[in-house]
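Dear colleague,

I am passing on the structure we spoke about, and my notes on it follow below. Please read them with the coordinates open beside you.

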Amino acid sequence: MSDIPASTVHPAPPALNTRQRVISQLLRDKAAMAALTVIILLVLTAIFAPLIVMVLGHGPNEQFRDIGLTPGGVPLPPGPNFLLGTDVVGRDLLARLVVGTQITILVAVTCALTAIAIGIAVGMLAGFRGGLIDTMLSGFVDVVLGLPLLITAVALVSVYGASFPIMMGTIIFFTWGPVARVVRNLVVATKEGEFVDAARMLGASDLRIMVREILPNIAGQVIVYGSLLIPQVIVLEASLSFLGLGVPPPTATWGGIIAENQTNYAVAWWTILFPALFLLAATLAFNVLGDGLRDALDPSSERRTK
Amino acid sequence: MKSSILSTGRLMAGAGLVALTLMAQSALAEEPKAGGTFKLVGAGDVAGFDPVSARSASVFLHRALTRTLVAFPTDADPKVAAQPVPDLAEAVPTPEEGGLVYRFKIREGAMWNTDAPRQITAEDAIRGFKRLCNPVQPTGTPTYYIGIIKGFAEFCDGFAQVPADVESIRTYVEDTQVAGLTAEDERTLKITLERPTADFTSILALISSAPIAVEMLDYLPNSPDLRRNYVGSGPYVIEDYILNEQLNLVRSPTWNAAADPLRKAYVDRIEVAFGTPDAGKTQRMIEAGDIDGYFDLSIATADLTRVMENPDDPQLLQFADGAVNPILVLNSASPNNNAALADIRVRQAINYAVNKAAIVQVGGGPNVKKAVDQILTENVIGYEPYNLYPTPDHQGDPEKAKALLAEAGFPNGIELKFSYASGGRYDLYSAALEADLAKAGIKLIMQPAPSRTVMSQMYQNRQATNGGAWDMGMTSIRADWVGDSARTMIVPMFDGEACETSTSNWTCYNNEDVNALIDTALTATDEATAAAAWAAADKAIMSDAPIVPLITGKISLYASERLRGTTVNLLFNNVDPTLVWIAE
């Protein structure tokens with residue numbers, strides 16, 4: 001019998017697999033959880049946007065120039081009729097922000113996923129094959145990253161006009177490059193692993209090695225990068241819309257709402273403040289969640305949640 | 001006691017009355033005084049400083065630097081302001097030989113600002129005209145003189161072949177004659193026209209008609225060197241000119257006040273600092289007394305809303321901008337919707353469908369904007385108010401529009417591609433139009449794009465226009481000067497005879513009746529005939545409904561508390577820098 005009292009013996013904690021460890025880590029990260037809550041709220045707002053607009057009773061493009069605008073064209077502040085006030089042509093700002101959330105989330109998720117998919121494909125091919133293919137693909141990525149975003153966007157809009165597909169295409173074109181570069185570097189480091197040699201000796205094809213052996217090993221970093229890419233896409237979409245290079249009016253977008261109302265900011269602060277807050281909340285939330293994910297996925301990270 | 005209170009009250013009332021009287025007398029007795037510095041800030045440097053290409057803010061500067069034979073006076077009454085008065089010339093000449101000949105005698109004692117003061121001569125005046133069509137700075141300005149001054153078209157054709165260097169330009173200008181420009185003696189200029197031109201005196205009052213000193217031929221037109229070495233004729237000269245930063249004018253030592261009936265030159269210095277593109281910041285600087293006024297901007301909407309709370313504020317300067325802005329241009333050449341816009345009923349339907357009251361409201365309200373129904377504006381000769389497409393309170397008549405569309409074969413409405421320059425108020429106007437036209441079954445496909453793109457890729461691109469890349473456009477019609485300026489509002493966009501080469505008649509609008517009325521107005525020998533022809537042309541054009549005039553507005557400026565003599569000159573839409581004075 002041992003001299004140690006039974007009450008002081010701690011049973012060994014059950015072994016956690018990686019997924020459980022990451023989830024557990026995330027759940028203990030208060031900032032990440034708060035960010036996740038904001039993101040869920042934004043996603044719910046986007047999903048239920050038509051319902052919210054119906055409850056508000058004001059369409060996002062409906063103009064209330066009689067009750068939502070002074071005779072001198074000044075928007076009305078937040079009040080019982082319009083909870084977040086009206087915009088420069090007498091539209092319900094809340095209704096437009098809700099619909100704008102839908103557009104933003106749609107653009108952010110679609111563009112980020114597409115950019116990540118392209119980036120993974122190009123980066124894996126370049127990193128795994130190496131040699132001439134790597135040189136050519138990496139060179140192409142360098143060219144893409146060297147192009148000036150706004151000038152290219154203006155040129156595209158000049159030729160084809162502002163439209164949803166042009167805006168999405170522009171965002172994807174300018175965001176897949178960094179993903180490809182990150183993935184390529186990860187693959188170069190990973191493909192020397194013994195498990196890759198083992199798979200090759202067992203007769204696995206290059207495609208199988210890339211998809212079944214390497215991809216799962218770099219997935220964590222790619223997920224982190226993807227979560228950080230979303231706020232970049234959101235800001236990019238808002239910037240393009242602000243400059244009139246995004247979704248054509250009257251469709252509401254956060255950047256477009258800020259652009260439409262910028263001349264009246266001194267007399268109608270709400271027309272700038274609320275869309276800016278939505279933008280801030282979304283970008284901050286995705287960034288904080290991305291940080292949390294990185295901490296949770298990276299066992300060597302020093303910034304661990306206690 | 002009561003009596004004492006009453007007497008005290010009476011005493012105080014009396015004292016107040018005396019004080020008020022003294023204050024009023026003091027205000028009335030406020031005489032202009034010389035001295036001080038008139039300070040302004042501008043968004044950017046002067047785009048076209050050279051008189052050959054000067055516009056708006058640059059013309060404002062030239063009021064202080066450069067004199068013309070005749071000039072538009074600075075007067076609060078638009079009718080007076082629209083009548084050119086003598087400047088360098090001793091008198092506004094009466095046209096001779098059936099309106100074909102104008103003789104000007106230049107005032108004795110009117111000098112160039114050269115180191116050795118020199119009389120301004122008739123040869124200098126001729127040189128000014130000749131430089132207009134130089135190959136370095138091609139502008140639309142020569143169109144005011146080509147076909148009007150005898151031999152000017154041939155002179156310009158030859159000039160276009162000259163190499164764009166100083167020596168070649170100097171040689172061509174000094175050695176080539178224009179048949180219609182003759183120096184009869186040192187100070188007498190004879191101008192012979194190809195045809196009578198009713199508004200020729202107004203054209204001569206533009207800064208582009210200014211005499212030019214021979215020294216100006218030492219520099220390329222509008223070059224930085226020319227700006228730094230500018231030889232003017234006005235009461236001020238350039239002291240410093242740092243491109244994109246600062247322009248300082250000081251009083252000219254050679255200016256002869258006795259030979260200048262228009263300028264007083266009260267202030268010692270005029271300083272313009274460039275690089276403040278924010279009108280809100282400029283407004284705050286004016287209100288704080290740091291500067292005295294706007295150079296190339298006007299009050300921002302947000303500030304105007306606040307300032308307009310006291311519409312009697314003496315520092316607020318408001319005046320009609322003389323423009324119809326915006327108008328909708330209907331592309332009758334578009335094949336879209338089975339060439340719907342070629343049908344006058346569809347164009348009329350759009351004229352009925354628009355809610356101009358809404359455009360007024362989102363444009364700042366009735367204090368600063370007004371609905372219009374025609375091309376010519378109030379201060380232009382030929383303006384006769386009418387409305388061919390009236391709707392209740394200018395709020396549009398969707399039912400009438402729908403009926404016209406149904407009559408034209410579009411009972412279910414139509415879709416129109418609406419191309420417009422994004423940014424600023426055009427976005428708001430477009431949003432209001434989109435909502436209101438929808439009520440009449442006219443769905444707009446919004447095609448916003450940067451201003452230059454819309455102009456070059458859409459409106460001015462014949463292939464895009466005829467191919468239906470756009471159905472409806474948005475632009476403005478602006479008079480280049482006040483008074484006899486209907487030419488500048490009607491000819492560029494509606495003269496069908498020149499439509500193939502015009503950069504403003506995008507849809508090649510061509511109506512023989514309108515063309516004939518334009519010819520009548522341009523060649524009239526008296527103002528009444530010209531005015532009647534312009535009024536008839538205005539109405540004839542609107543009968544075809546190729547455009548939808550929407551609103552006209554006021555320009556709002558603000559002057560510092562210490563600035564006096566702030567009457568606005570309607571040529572350059574700002575205070576007259578040679579008449580303002582500082583009260584401190």
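**A hairpin in chain B and the sheet around it**

In chain B, strands β9(B) and β10(B) form a hairpin with three residues between them, and B:Asn244 in the turn has a positive phi of about 65°. Please keep in mind throughout that this is a predicted model. The two strands of the hairpin, β9 (residues 236-242) and β10 (residues 246-251) of chain B, run antiparallel and are joined by six bridges, and within this pairing B:Ile238 stands opposite B:Leu249 in β10(B).

The hairpin belongs to an open sheet of five strands in chain B, whose order is β9-β10-β11-β1-β12 and whose pairing is mixed. Its edge strands are β9 and β12 (293-294) of chain B, each of which pairs on one side only. A parallel part of this sheet is found where strand β1 (residues 37-42) of chain B meets strand β11 (residues 269-274) of chain B, again through six bridges, and there the bridge partner of B:Phe38 in β11(B) is B:Ile270.

**A second sheet in chain B**

Chain B also holds an open sheet of three strands, in the order β4-β8-β7, in which the pairing is antiparallel. The edges are formed by β4 (101-105) and β7 (181-185) of chain B, and each of these pairs on one side only, while the twist from one strand to the next averages 25°. Between β4(B) and strand β8 (residues 188-192) of chain B there are five bridges in the antiparallel sense, and one of the residue pairs to look at is B:Val101 with its bridge partner B:Thr192 in β8(B). Helix α4 (residues 122-130) of chain B lies across β7 and β8 of chain B, and this helix runs at about 175° to β7(B).

**Chain B as a whole**

Taken over its full length, chain B has 20 helices and 23 strands. Its C-alpha atoms fill a box of roughly 95 × 70 × 45 Å along the principal axes. A compact globule with 584 residues would have a radius of gyration near 25 Å, and the value for chain B, 26 Å, agrees with this. Of these 584 residues, 51% are buried, and among contacts in chain B between residues at least 6 apart in sequence, 71% join residues at least 24 apart.

The chain is divided into domain 1 (37-271 + 566-582) and domain 2 (320-554) of chain B, and the centres of these two domains, taken over C-alpha atoms, are separated by 34 Å. Their contact takes 16 residues from domain 1 of chain B and 14 residues from domain 2 of chain B. On the side of domain 1 of chain B that touches domain 2 of chain B, the residues divide by class into nine nonpolar, five polar and two charged.

**Chain A and its contact with chain B**

Chain A has eleven helices and zero strands. For chain A the radius of gyration is 24 Å, whereas a compact globule of 306 residues would have a value near 19 Å. The C-alpha atoms of chain A fill a box of roughly 85 × 65 × 30 Å along the principal axes, and 43% of its 306 residues count as buried. Among contacts in chain A between residues at least 6 apart in sequence, 70% join residues at least 24 apart.

Where the two chains meet, 25 residues of chain A are in contact with 29 residues of chain B. Helix α6 (residues 149-160) of chain A gives the most to the side of chain A that touches chain B, with three residues. By class, that side of chain A comprises 14 nonpolar, nine polar and two charged residues.

**One residue of chain A in closer view**

A residue I would ask you to look at is A:Gly290, whose place is in helix α11 (residues 270-297) of chain A. Is A:Gly290 buried or exposed? It counts as buried because 21 other C-beta atoms lie within 10 Å, and 20 or more are needed for that class. Leaving aside residues up to four places away in sequence, A:Gly290 touches A:Val224, A:Ser227 and A:Leu228. The C-alpha atoms of A:Gly290 and A:Ala32 are separated by 8.0 Å, although the two residues are 258 residues apart along the chain.

With best regards

Note on methods: Residues are numbered from 1 along each chain as its sequence is written. Chains are lettered from A and ligands numbered from 1 in the order in which they are written. This is a predicted model: local features need pLDDT of at least 70, side-chain atom pairs count only at pLDDT 80 or more; totals for chains, interfaces and linings use all residues. Two strands pair if DSSP finds at least two bridges between them. Helices (H or I, at least four residues) and strands (E, at least two) are DSSP runs, numbered from the N terminus. Axes are lines fitted to C-alpha atoms, for helices over the stretch in contact, and angles run from 0 to 180 degrees between N-to-C directions. Two residues are in contact if their C-beta atoms, placed from the backbone, lie within 7 Å. Domain bounds come from an automatic or database domain assignment. Ala, Val, Leu, Ile, Met, Phe, Trp, Tyr, Cys and Pro count as nonpolar, Asp, Glu, Lys and Arg as charged, and the others, Gly among them, as polar. The radius of gyration is taken over C-alpha atoms; the globule rule is 2.2 Å times the number of residues to the power 0.38. A residue is buried if 20 or more other C-beta atoms lie within 10 Å of its own, exposed if 12 or fewer, and partly exposed in between; C-beta atoms are placed from the backbone.
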